[in-house]
Amino acid sequence: PSVGLLDELEQQAQQRKASADDAEKRKSQREEIFRTQLEPGMNALHEFLGKLVANLKLLQPKKQLRFALIGYGEIVGYIEHEYDLKSNQQPGSREIVLSFPCLVASEECPTVEVVGASKVRTVAGAFQRYHLGGLLEPKKDGNGEVVSAKFNAKGRIPLTATFSADADSAVVRVNFVNFDALGTATKNVPAAQLNDATFDAIGRYLMREESNLFQEALSDSFRAQLRTKVQQDQIKRRWESKIGAQQKAELEQLKREQSLTGRFAKPAAKESKPASGPSWIDRVKGLIKK
């Protein structure tokens with residue numbers, strides 16, 4: 001028995017060692033990807049962003065942004081070409097942050113009257129969350145609570161793009177704050193995709209031009225799944241129309257029988273159905289579920 005126990009313990013020890021070796025191997029592979037792909041890729045991205053910012057500062061293109069804010073409406077603003085590009089490098093990690101403001105064009109934004117204490121709190125809270133001013137003519141009740149107010153957005157909305165990479169992962173994590181909408185959009189860019197085409201897509205996205213950055217390429221297997229799903233939906237619709245026609249025919253038959261007998265003839269109604277009816281319906285249901 002003691003030999004069996006030692007064998008068992010030896011086997012467990014070998015499995016743990018193999019598992020530790022695998023983990024160490026994976027860690028080593030990730031560090032290799034960071035050193036050979038992510039780090040050079042992030043350096044190239046930083047250089048690209050530096051050139052992009054320099055050109056934008058020189059050209060000063062007029063870029064209008066629109067943001068929908070629930071309870072208020074649409075906020076209109078224009079990018080101010082005051083760019084702040086920072087790079088933070090640590091052993092085994094790299095972060096690049098680009099930020100710039102959007103100046104709200106108050107004269108192009110609506111002036112909205114909000115009535116009701118809870119509605120005023122909601123809109124005021126949203127304005128505060130995005131560091132916007134523009135609460136006008138507040139009216140308070142006897143308890144000092146604002147029960148109605150007008151809002152006309154003003155201030156600056158900060159836009160921030162953060163690119164992070166480290167030796168623990170083989171991707172660049174990208175966060176865009178207040179670009180397509182108020183809030184954060186995220187994307188992972190694999191190390192192998194840190195190339196000129198991706199940089200171009202990032203640049204166009206930052207400039208608020210048409211970009212394919214968030215248009216994921218569909219895999220062949222997913223396309224096949226989509227085709228199958230479409231075909232299944234078509235088959236389902238065809239069967240549903242057949243079932244509908246069958247039910248309509250049965251209903252007409254039942255009505256004719258009732259008009260002839262002048263009374264409800266439940267047994268006759270049952271007999272009027274084809275013997276294969278239930279099983280045929282069951283087979284169709286089974287097909288639709290597939």
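In this predicted model, Glu-137 sits in strand E6, which covers residues 132–140. With a relative accessibility of 49%, Glu-137 counts as partly exposed, because the exposed class begins over 50%. Lys-150 lies 13 residues away from Glu-137 in sequence, and the two C-alpha atoms are 5.9 Å apart in space.

Charged side chains deserve a closer look. Side chains of opposite charge can pair when their charged atoms come close. Counted in this way, the structure has 14 salt bridges. One of them joins Arg-35 and Glu-32, with 2.2 Å from N to O. These two residues are three apart in helix H1, so about one helical turn separates Arg-35 from Glu-32. Both partners can be placed by their accessibility: Arg-35 is partly exposed at 49%, and Glu-32 is partly exposed at 36%.

Another salt bridge links Lys-51 with Glu-47, here with an N to O distance of 3.4 Å. Lys-51 and Glu-47 are four residues apart in helix H1, again a separation of about one helical turn. Lys-51 has a relative accessibility of 52% and therefore counts as exposed, whereas Glu-47, at 48%, counts as partly exposed.

A further pair is formed by Arg-204 and Glu-209, whose closest N and O atoms are 3.2 Å apart. Arg-204 is partly exposed, with a relative accessible area of 36%, and Glu-209 is partly exposed at 31%. This pair belongs to a network of salt bridges that links Lys-63, Asp-200, Arg-204 and Glu-209.

Lys-63 also leads to the interior space of the model, as one of the residues that line the largest cavity. Rolling a probe the size of a water molecule over the atoms shows where empty space is left. The structure holds one cavity of 30 Å³ or more, and the largest cavity has a volume of about 70 Å³. Its lining includes Leu-52, Val-53, Leu-56, Pro-61, Ile-79, His-81 and Tyr-83, together with Leu-98, Phe-100, Leu-206 and Met-207. By class, 10 of the lining residues are nonpolar, one is polar and one is charged. Helix H1 (2–59) and strand E4 (93–104) each supply at least two lining residues, and the largest share, three residues, comes from H1.

Helix H1 contributes to the surface as well. Leu-5, which is placed in helix H1, joins Leu-6 and Leu-9 in a nonpolar surface patch of about 300 Å². Leu-5 counts as partly exposed, with a relative accessibility of 47%.

How values were computed
Residues are numbered from 1 along each chain as its sequence is written. This is a predicted model: local features need pLDDT of at least 70, side-chain atom pairs count only at pLDDT 80 or more; totals for chains, interfaces and linings use all residues. Side-chain values use heavy atoms; hydrogens and water are left out. On a 1 Å grid over the protein atoms alone, a cavity is a set of points where a 1.4 Å probe fits but cannot get out, and a pocket is an open set with protein on both sides within 12 Å along at least five of seven lines; lining residues have an atom within 4 Å of a point. Grid points are joined across faces, edges and corners, and a volume is the space filled by probe spheres set on the points. Ala, Val, Leu, Ile, Met, Phe, Trp, Tyr, Cys and Pro count as nonpolar, Asp, Glu, Lys and Arg as charged, and the others, Gly among them, as polar. Patches are made of residues with over 30% relative accessible area and no salt bridge: like charges are joined within 9 Å, nonpolar side chains (Val, Leu, Ile, Met, Phe, Trp, Tyr) within 5 Å. Accessible areas come from the Shrake-Rupley method with a 1.4 Å probe; for residues, only the protein chains shown count as cover. A salt bridge is a side-chain nitrogen of Lys or Arg within 4 Å of a carboxyl oxygen of Asp or Glu. Buried means under 20% relative accessible area, exposed over 50%, partly exposed in between (1.4 Å probe, protein chains only).
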